[in-house]
Amino acid sequence: MRPKRSKPVQRNTLPGLSKGEVPIVAIIGRPNVGKSTFFNRVLGTRSAIVDDMPGVTRDRLTAECTYQGRRFQLVDTGGLDLSSSEGMANLVRIQSQAAIAEADILVVLMDGRAGLHPLDEEIAHLLRDVNKPTFYAINKIDTPKAETLLADFYQLGKDKLFPITAEHGIGVDDLLEAFLPLLPFDEEQERTPYPRVAVVGRPNVGKSTLVNTLLGENRVVVSEIPGTTRDPVDTLIEYQGHTFMFTDTAGIRRRGKIERGIEGYSLARTLKALGRSDIAILLLDGIEGATEQDTKIAGLILKQGRGCILFVNKWDLRKDDPAAQTRYDQELHRRFPFFTFVPTIFGSALQGSSIEHLFPKIESVMEGFSHRVPTGRLNQFLQKALDDNPLPSKKRNPLKSVFMTQVATKPPTFALFVGKSVEVPTFYLRFLENRLRDSFGFEGTPIRILVRQR
C-alpha cells in the first residue's frame, strides 16, 4: 500500500475542495526577494535559512500555522526562474511549479527596492491561467517614502498590492487578513501527536530519495551533488491508517569539512530536527560500508535519546552476493557496539518494497519509545533480577529495600532507589537494561536508568 499525504482538518471555504484537508498557502517568487524571511515572520521562528545569497532555499519547506483561529499550511519555495532548463536551478523550478499546482492560495512576493523585474512579469504571466486566489506582496517597503516604489508594480495590472516588510513584520498582518476569510476555523483544539521520524545520515546516501519513495512523488530535490538538502523538510505521510511526520534533513559531514555560514546553519537545523523527533532513520551506504562519521551520527542520536532504525541503502546492488549481509552485520557490530538494540533493514531507497519492512519497524520502535511499565510489574521484575544477580554491597552493610519506578517515556527513563551506602556499578546498570529489554521489549529505543539514594 502506497503512503499518501495526510489530510487532517476540514476545509470548506475554498471551492472544489473536500473535507478533511488543511488549506495550503504557497509563497512564490524569483530568487532572493525575501520568501524565507516572510515564511519565518509568519511562523514567528527562524525555521528557514535566510541569507543574502540567491538560491539558499531549494526544497519546499512546509509548516502548519494558526492565525486568528484559522489553520493553514505555509509552503516556502525556492526562487523560481522559468528560463532554467538544467542543473540545480531546473530542479528548484520543478519544485516551485509543483508547489503552485498543490497550493490552494498563492502569495507572490516581489522586491520593492529592486523594482519590477522581468522574472516578476514572467511569473505573473504564468499565474494568469492559474484559477486560484493569488495575492501580490511587495517586500521591503518599510517607510512612507518607499511606498512610491509600488507604482512600478501596477504595470502587472493588479488592483490590489500589499506593501510589506517581512524582516520587521510591517504589513504582514494586512496580507494575512486578506486571505483569512478563505481559511476554515480551527475546531480541533487537541492536535494529534503524530510520530516524528527524522531521516539522517552523511551527504548523498539517499535520504531525499527515501522520502520521495515513501511519498510516491518527487517531494524534495534529489541530486547527485552532496549537500542538496539544506533545510529540514517536514512531510505528513499516511500509511495503512496511521500518520507519520517525516523530516528530510541535511547531510551531516565531518566537523572539519563543514563550511561556515549556510552549511553551518543547515547542521544546526538538522540537530534541532533530530531533537524534536521521536525516531531517527540512520541511512548507511550499502556499497561503501559504515564509516567513522556514521558512528558519530549514531552517537548524536543516542545522546539525544531518540529511537533509531538503521537503513542500509543500495542493497539491491549487492543482491548477487549471499554472504554480503553477514559481513555487513559483523561490520555494524564492530562500528556500533552501543547500538545492539537497534533494528537493521537492508533495502533500497528507490524501491517501494522496502517500505513494507520500514513502517512496521517504525511502529515497533515507537511503541517501545512510548511504553510505560506499571510500577507493580516493574518491581516484580526487579526482585527477580536481584535474585538472579544480587546487587553488590559493601561488607557489614547488608542490602536493604531497593525500589524502581518509571519516571518518563520518550525515551523510557527509570529511577532506581537504593540505600545511602549502596553503590550501583555501571556493569550492573547494563545488566538491568538488558533484562528490561528481555522482559518488556523496547526495540530500537535507548533506556536511561537514574540511581537515587533513598
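This report describes the nonpolar cores, one helix pair, a buried arginine and some backbone features of a predicted model.

Residues are numbered from 1 along each chain as its sequence is written, and side-chain values rest on heavy atoms, with hydrogens and water left out. Because the model is predicted, local features need pLDDT of at least 70 and side-chain atom pairs count only at pLDDT 80 or more, while totals for chains, interfaces and linings use all residues.

The largest nonpolar core has 26 residues, and those with the most contacts inside it are Phe38, Val42, Phe72, Leu74, Leu175 and Phe179; such a core is a set of buried Ala, Val, Leu, Ile, Met, Phe, Trp, Tyr and Cys residues joined through side-chain atoms within 4.5 Å. Two or more residues each come from β2 (24-28), α1 (35-43), β3 (61-67), β4 (70-76), β5 (105-111), β6 (134-139) and α4 (172-179), where helices (H or I, at least four residues) and strands (E, at least two) are DSSP runs numbered from the N terminus. Leucine 74 touches, not counting residues up to four places away in sequence, Val25, Ile27, Phe39, Val42, Leu43, Leu61, Thr62, Ala63 and Cys65, a contact being heavy atoms within 4.5 Å. Apart from the largest core lies another, of 25 residues, among them Leu210, Ile279, Ala349 and Val365.

Helix α5 (residues 207-215) packs against helix α9 (residues 353-370) at an angle of about 95°, with the axes 10 Å apart; axes are lines fitted to C-alpha atoms, for helices over the stretch in contact, and angles run from 0 to 180 degrees between N-to-C directions. That makes α5 roughly perpendicular to α9, a label given to angles of 65 to 115 degrees. Leu210, Thr213 and Leu214 in α5 meet Ile355, Leu358 and Phe359 in α9.

Arginine 437, in helix α11 (residues 426-440), is buried, with a relative accessible area of 12%; buried means under 20%, exposed over 50% and partly exposed in between, with a 1.4 Å probe and protein chains only. A polar atom of the arginine 437 side chain lies 2.8 Å from the backbone oxygen of phenylalanine 442, and arginine 437 also touches, among others, Phe341, Thr445, Pro446 and Ile447.

Two residues that are not glycine have a positive phi, as tabulated here.

| Residue | Phi | Loop | Relative accessible area |
|---|---|---|---|
| Asparagine 32 | about 65° | between β2 and α1 | 34%, partly exposed |
| Lysine 140 | about 70° | between β6 and β7 (161-163) | 24%, partly exposed |

A cis peptide bond, with omega about 0°, joins lysine 410 and proline 411, and proline 411 has its place in the loop between β14 (403-408) and β15 (413-418).

Technical notes. A polar contact is a pair of N or O atoms within 3.5 Å; within protein, one must be able to donate a hydrogen and the other to accept it, and residues adjacent in sequence count only if both atoms are side-chain atoms. Angles under 35 degrees count as roughly parallel, over 145 as roughly antiparallel, 65 to 115 as roughly perpendicular and the rest as oblique.
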